[in-house]
Every structure is written in C-alpha cells, then in structure tokens.
Amino acid sequence: MRADRGRRPAPLTRELLSKGRAVCEEEDYKWWARQLTDDEAGRRFAVAVDVCASYLSVTDSLPLPIGELEHVTHPAWGKGKTAGLWLCDFTGVEVDELLPHPATFHGRPPTGPGWYATPTVAYMASTYGFDPATITEAYLSTHTAPLLKEWTTRVRGGYKRVYADLGLIDGQGPQEFLAAYAVHKEAGTDAVRADALTLGSLYKNIYKGGIGKWSDSARHLDDEQWLEKVAGSWSYRPEIRFHIIAAARIAAHRRLRKTYLLTGRAPFAVNVDSYLYAADAPSPIELLPVKDDGSPVPGALRLGIAPGSHKHESSIPLQEAVEAMERREHPSRLTHQYATDGTPIQTSTAMESESTDEQKKGES
C-alpha cells in the first residue's frame with residue numbers, strides 16, 4: 001500500500017519499497033492529463049463534469065474480502081468470483097490511448113508487474129484481453145461477500161431523499177437537471193432546504209470518509225505504536241478499501257470508454273472524480289451520448305444526481321487549461337476559478353473553494 005500524502009507508510013510498505021518490491025496502489029485517479037488532439041485544440045472550452053457519489057455507485061453488490069487473506073501460487077482465476085489481490089503484469093496489454101490507463105491511479109501505463117484488486121483484474125481480462133492464467137501469485141480471501149449491501153441501501157436512500165428536497169431527482173432531463181443543480185444550494189429561509197444541505201454534507205462524509213477508514217493510517221507513530229494502534233485494529237483492512245476504490249475507478253473508466261466509443265469524445269484531464277472535456281460550448285450537453293429518442297445511453301456519461309451520474313462542475317476557457325498544462329499544472333485546479341457558463345468568479349471565493357477541494361481530494 002502506498003502512503004497517502006502527508007502520512008507515513010506502514011512498516012511493511014516501507015520494507016517492500018526499500019527492496020524494490022511491488023506494492024498495491026489501488027487509488028482514485030490523480031492528476032492525469034494528456035496532450036489535446038487537433039480536433040480538441042480547435043474547441044473553446046474545457047468542461048468539467050464530476051461524478052456523484054462514485055463509491056455508492058459500486059458498493060451495493062460488490063464482493064469484498066471479509067475473510068483472512070491466504071497466499072496462493074498460480075491461483076485459479078475462477079472468473080473473478082474471489083476477492084483478493086493478484087500479482088499481474090499489464091505492461092503488454094493494449095488499452096485506449098486517449099483514456100487514462102484503467103489499472104493505474106496515475107493513468108499512465110504500468111512499467112512492471114503489480115498487485116491489483118479483483119475488480120481491476122476482471123476489467124482488464126474482460127475488456128482488454130488480459131490472460132489471468134499468467135498470474136503467478138495472489139492473496140485471496142477465505143470468505144467473499146457483498147459486505148456493504150445493507151449499508152449502501154440505507155445511505156443511498158438517505159442521499160436521494162436529501163437531494164429530492166433540493167429539487168434533484170432521478171429521471172430529470174439534462175437541461176432540467178442543470179437548471180435545478182445551479183440553484184440547489186440556495187436555501188434562503190427554507191428550513192427544509194437548509195436541513196437538506198447539511199444532511200447532504202453529512203452523507204458525503206459518511207460514504208467518502210467511511211471508505212477511507214478501512215485503511216486508516218497513523219500520523220507520527222513509531223513502528224511499534226503503528227502495529228498496536230492501527231494494524232491491530234479491526235478497521236485496518238486496506239484490501240477492502242482497495243476493492244472499493246478499484247471498483248469505482250473501473251466503473252468510471254467503463255463509462256468514459258463507452259462514451260468515447262459512441263461519440264469519439266474523451267477527457268483530456270482527470271483528477272479523482274472530475275473529468276475535463278474539450279467542448280464548443282460551456283455546457284456538457286454536447287458530450288452526452290443519447291438514443292434515437294433522446295434518452296441517455298445506459299452505462300455512458302449522463303447528467304443526474306444518482307450515484308455514478310455526473311454534475312456540471314465548471315467551464316474553463318480552453319486556452320487557460322492549455323496554458324496551465326504548459327506550466328506543468330493540472331487544469332482541474334482551475335475548476336473553482338470559473339463558473340459553469342465560463343465566466344471568472346471572484347478570486348476570494350475561488351481560492352476558498354480550491355482549498356476545500358484540495359482537502360477533499362487528498363482525503364478521498
């Protein structure tokens with residue numbers, strides 16, 4: 001396991017890294033970007049869309065490793081029905097060039113074998129032809145089950161009720177959703193809306209912070225204290241967190257890929273659950289795949305408040321995003337400096353929002 005920013009790695013992780021051994025790095029996408037294509041460079045805006053409740057979109061039926069992990073050599077894949085960590089070499093597997101690599105948090109191709117959770121391996125096998133028979137080692141759970149099914153049902157139910165009070169419900173058309181989302185934080189003197197905004201933040205802390213607790217790291221503890229107070233705790237199960245984050249990242253990649261195959265449009269930058277697309281107008285409408293009747297295509301980019309759907313975060317003049325990348329800065333840093341219509345927002349508000357966003361992404 002790689003240490004989070006600002007935190008000390010576990011003693012085992014430090015030992016493995018010192019020996020040049022691979023460690024599991026199943027994390028959300030962080031700071032990936034690529035050069036624009038000629039077609040993208042001719043557009044006017046970088047439209048940022050953000051995934052709603054990405055973890056809640058995968059935890060309902062996700063098989064998780066709740067038993068002890070046993071080391072197995074030349075493991076049987078069994079169509080990915082067993083949760084665990086698998087030593088795989090994806091270096092020779094061809095993936096979509098305009099999308100971030102599905103198996104790495106940095107979005108670049110891996111440079112050697114690495115440890116991956118079951119959701120990542122299953123996607124690489126089913127979508128890109130990776131051969132699970134080449135796996136030489138694994139740590140497999142003695143008991144696999146959808147541990148968070150009831151938890152997800154209850155949290156998702158509360159989440160949907162809260163946003164319904166703010167005028168955001170399933171089934172809204174793109175324009176209706178964008179209009180409702182633009183004003184959903186305007187509570188005024190409405191006590192119901194004010195309570196809903198507070199509860200919305202609470203639910204977010206539950207599903208984002210709760211997932212993080214599965215591998216909670218210690219700050220400023222020596223090795224003996226770390227082993228006693230962190231590794232010895234029932235909640236220290238990094239492999240559970242690896243599975244959830246891998247599943248969320250893979251679900252995101254699957255949506256990005258389906259959208260790309262249907263429309264030819266791909267994000268040129270990704271950070272956690274925020275995706276930036278080059279667009280002609282300061283709106284995500286042109287990016288959405290739709291059926292002949294105008295309804296959204298299942299499994300692709302779509303607007304909505306439901307977990308796994310997307311909201312419009314910001315629209316940035318494309319030249320500003322390009323110049324940021326030329327300075328070796330990630331363009332997602334600009335999302336709080338521009339409104340959804342592409343106009344600049346007040347500097348103080350932007351700086352406050354960016355600081356909050358950096359904290360959020362560091363904790364995800």
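## Pairing in the sheet

Two strands are taken to pair if DSSP finds at least two bridges between them. In this predicted model, β4 and strand β7, which covers residues 137–141, meet that criterion in the antiparallel sense, with five bridges between them, and within β7 it is A138 that serves as the bridge partner of V72. Strand β7 is also joined to β5 by four bridges, again in the antiparallel sense, and here E137 of β7 is the bridge partner of L87.

Strand β5, made of residues 84–88, is in turn linked to β6 by four bridges, and these two strands run antiparallel; C88 stands opposite G114 of β6. Taken together, the strands form an open sheet of four, in the order β4-β7-β5-β6 and with antiparallel pairing. The edges of the sheet are β4 (69–73) and β6 (114–117), each of which pairs on one side only, and the twist from one strand to the next averages 25°. Strands of a sheet pair through backbone hydrogen bonds, either parallel or antiparallel.

## The chain as a whole

The chain holds 10 helices and 11 strands, and 49% of its 364 residues count as buried. Its accessible surface comes to about 17,700 Å², with carbon and sulfur atoms contributing 51% of that area.

When contacts between residues at least 6 apart in sequence are considered, 77% of them join residues that are at least 24 apart.

## Two helices on the sheet

Helix α3, which spans residues 118–128, lies across β5 and β6 and runs at about 95° to β6. Helix α8, spanning residues 238–263, packs on the sheet as well, where it touches β4, β5 and β6, and its direction makes about 70° with that of β5.

How do the two helices lie with respect to each other, and at what angle do their axes cross? The axes of α3 and α8 come within 7 Å and cross at roughly 25°; because angles under 35 degrees count as roughly parallel, α3 is described as roughly parallel to α8. On the α3 side the contact involves T118, P119, T120, Y123, T127 and Y128, which meet H243, A246, A247, R249, I250, H253, R254 and R257 of α8. By character, the residues of this contact divide into six nonpolar, five polar and three charged.

## H101 and its surroundings

H101 belongs to the loop between β5 and β6, and it counts as buried because its relative accessibility is 2%, the cut-off being under 20%. Leaving aside residues up to four places away in sequence, H101 touches Y29, V95, G107, R108, P109, P110, M124 and H253.

One of these neighbors, H253, is a residue of α8 that also takes part in the contact with α3. Although H101 and H253 are 152 residues apart in sequence, their C-alpha atoms are 8.5 Å apart in space.

## K30 and the loop of V272

K30 is placed in the loop between α1 (11–18) and β1 (32–33), and with a relative accessibility of 23% it counts as partly exposed. Residues up to four places away in sequence aside, K30 touches F105, H106, V270, N271 and V272. The C-alpha atoms of K30 and S274 are separated by 9.7 Å, while the two residues are 244 residues apart along the chain.

V272, one of the residues touched by K30, lies in the loop between β9 (269–271) and β10 (274–279). Is V272 buried or exposed? Its relative accessibility is 8%, and V272 therefore counts as buried.

## Positive phi angles

Most residues other than glycine have a negative phi. V272 has a positive phi of about 55° although it is not a glycine, and H74, likewise a residue other than glycine, has a positive phi near 50°.

H74 sits in the loop between β4 and β5, and it is exposed, with a relative accessible area of 61%. V272, by contrast, counts as buried at 8% relative accessibility, so the two positive phi values noted here belong to one exposed residue and one buried residue.

How values were computed:
Residues numbered from 1 in each chain as written. Predicted model: local features only at pLDDT ≥ 70, side-chain atom pairs only at ≥ 80, totals over all residues. Heavy atoms only, no water. Buried < 20%, exposed > 50% of the residue type's maximum accessible area, 1.4 Å probe, protein only. Contact = heavy atoms within 4.5 Å. Areas by Shrake-Rupley, 256 points an atom, 1.4 Å probe, with all protein chains shown as cover. Axes fitted to C-alpha atoms, helices over the stretch in contact; angles between N-to-C directions. Parallel < 35°, antiparallel > 145°, perpendicular 65-115°, else oblique. Nonpolar A, V, L, I, M, F, W, Y, C, P; charged D, E, K, R; others polar.
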